[in-house]
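The following exercises ask the student to read a protein structure step by step. Each task is followed by a worked solution.

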Amino acid sequence: MELSPCRRRRALFLMGSLGTFLRYPDDVYPLLKMKRAIEKAEKQIPPEPHWGFCYSMLHKVSRSFSLVIQQLGTDLRNAVCVFYLVLRALDTVEDDTSIPTDEKLPILIAFHRHIYDTDWHYSCKSEESFNLFDLSHPLILLNPTLGGTKEYKVLMDQFHHVAAAFLELEKGGYRGITKRMGAGMAKFICQEVETVDDYDEYCHYVAGLVGLGLSKLFLASGSEVLLPDWEQISNSMGLFLQKTNIIRDYLEDINEIPKSRMFWPRKIWGKYADKLEDLKYEENSTKAVHCLNEMVTNALTHIEDCLKYMAALRDPSIFRFCAIPQIMAIGTLALCYNNVQVFRGVVKLRRGLTAKVIDRTKTMADVYGAFHDFSCMLKTKVDKNDPNASMTLNRLEAVQKVCRDTGVLHKRKSYINDKGRSYNVYIVMLVILLAIVFAYLRAN
């Protein structure tokens, strides 16, 4: 019997998954664990309407974030959930390029007051799904099952539920962070990112402030203490994630309709092209990759601060909440570096590796190991003819030295070169996956 086009596509997808599992058989168990954990989290929806809306929306717009947040204590979990949704809504307004500037600016500037108003809502105009936070938001870098347009529209249309949940919480600095973020977004609606200082300032507003807000929530929970330089290193945690998103999302942002979104600083891209959009054309591939590599090298400057921040965390659930996105970020940069595909399509960690990071990240030894692994992977891709090669290598070597000096690299499995894959594993996985494929085709 001939398969319909739809079933044929599904069969091809399953066969593609089969190929991936055969290549990475050790991904299967972490993927199954992650799937079960997501399903469990989605069933734990509070009965109260406003809290039910918040957690349901959280699962829809970012399943990976909802998975990580579920392990936090109840009070902190609720606070972080609402904090995320408030900033996700603010970010959605900024992202929607179809909203006229004269309408958008007042919303961004006054958003810190809207969170106290249970009657306020806003209907977004764009049909596009925006994802600055990605995995989003700057807290969780990679979410392979991110929600789409409808979820963001529902969030904005029914924002009164988020406001009602917010009013039940101890405020914890939400209003100040939201006010500063909204004002910063409004500032860069009206001006382009010209210098590297502008780039850092923009990333501070949209992500560094998130790091500061979370640090305050952690302190208020009684679970953590803050280091003397907590503001700097909290800011670096956000900047590292945000710069990774901006690098990876070049093509999506530059092709945005009705208007391009441009966050790469002219000070960097101006060395390689007359217009930022020129980098996506095949004839400019060499210069585009050199520009990309300089952007990645710039992002690497924040890693040592990030490692310092994570090493100071005491609560295991808060540690995992912070560490998992950071590992995904360095992994994503390793994939993006020297990779022209950034200008052609989507570059992201495979789902199995994401699941593996979520499953294995438990201690600082795991973090040091992951950062060492991915910095080694990135280092092998450095071309000595690249104009920024020596600077890139210097920064990678500094990261590797920090990781080596801890003396814990031998205490974990590698994310890149897992040992111990046996021939029997391949045979077992082949049998299981073929059985799944044939059972599916027979059922349909």
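**Exercise 1. Locate N298 and describe its surroundings.**

Solution. Step 1: N298 lies in helix α14, which covers residues 285-300; helices (H or I, at least four residues) and strands (E, at least two) are DSSP runs, numbered from the N terminus. Residues are numbered from 1 along each chain as its sequence is written, and side-chain values use heavy atoms, with hydrogens and water left out. The model is predicted: local features need pLDDT of at least 70 and side-chain atom pairs count only at pLDDT 80 or more, whereas totals for chains, interfaces and linings use all residues.

Step 2: N298 counts as buried because its relative accessibility is 12%. Buried means under 20% relative accessible area, exposed over 50%, and partly exposed in between (1.4 Å probe, protein chains only).

Step 3: Apart from neighbours within four places in sequence, N298 is in contact with V196, Y199, K243 and R395, where contact means heavy atoms within 4.5 Å. R395 is 97 residues away from N298 along the chain, and their C-alpha atoms are separated by 9.4 Å.

**Exercise 2. Describe helix α16 and the residue Q326 within it.**

Solution. Step 1: Helix α16 comprises residues 316-336. Its 21 residues reach 30 Å from the first C-alpha to the last, close to the 30 Å expected at 1.5 Å a residue; the expected span is 1.5 Å times one less than the number of residues.

Step 2: Since 19 of the 21 residues of α16 are buried, the helix is largely enclosed by the rest of the structure. Q326 is buried as well, at 1% relative accessibility.

Step 3: Leaving aside neighbours within four places in sequence, the contacts of Q326 are M237, F240, L241, C306, M310 and F371. Two of these partners, M310 and F371, are among the residues with the most contacts inside the largest nonpolar core, which has 133 residues. A nonpolar core is a set of buried Ala, Val, Leu, Ile, Met, Phe, Trp, Tyr and Cys residues joined through side-chain atoms within 4.5 Å.

**Exercise 3. Examine what follows α16.**

Solution. Step 1: α16 is followed by N338, which is found in the loop between α16 and α17 (351-360). Step 2: N338 has a positive phi of about 60° although it is not a glycine. Step 3: With a relative accessible area of 31%, N338 is partly exposed.

**Exercise 4. Determine the shape and packing of α6.**

Solution. Step 1: Helix α6 (residues 101-114) has 14 residues and spans 19 Å from its first C-alpha to its last, close to the 20 Å expected. Step 2: α6 bends by about 40° at L108; the bend is the angle between axes fitted to the seven residues ending there and the seven starting there. Step 3: The buried residues of α6, including K104, L105 and F111, pack against α5 (74-95), α8 (159-168) and α9 (174-189).

**Exercise 5. How many helices, strands and disulfides are found?**

Solution. Step 1: The secondary structure of the protein chain comes to 20 helices and 0 strands. Step 2: A search of the whole structure finds 0 disulfides, a disulfide being a pair of cysteine sulfur atoms within 2.5 Å. Step 3: Of the cysteines, C291 is buried, with a relative accessible area of 0%, and C306 is buried with 0%.
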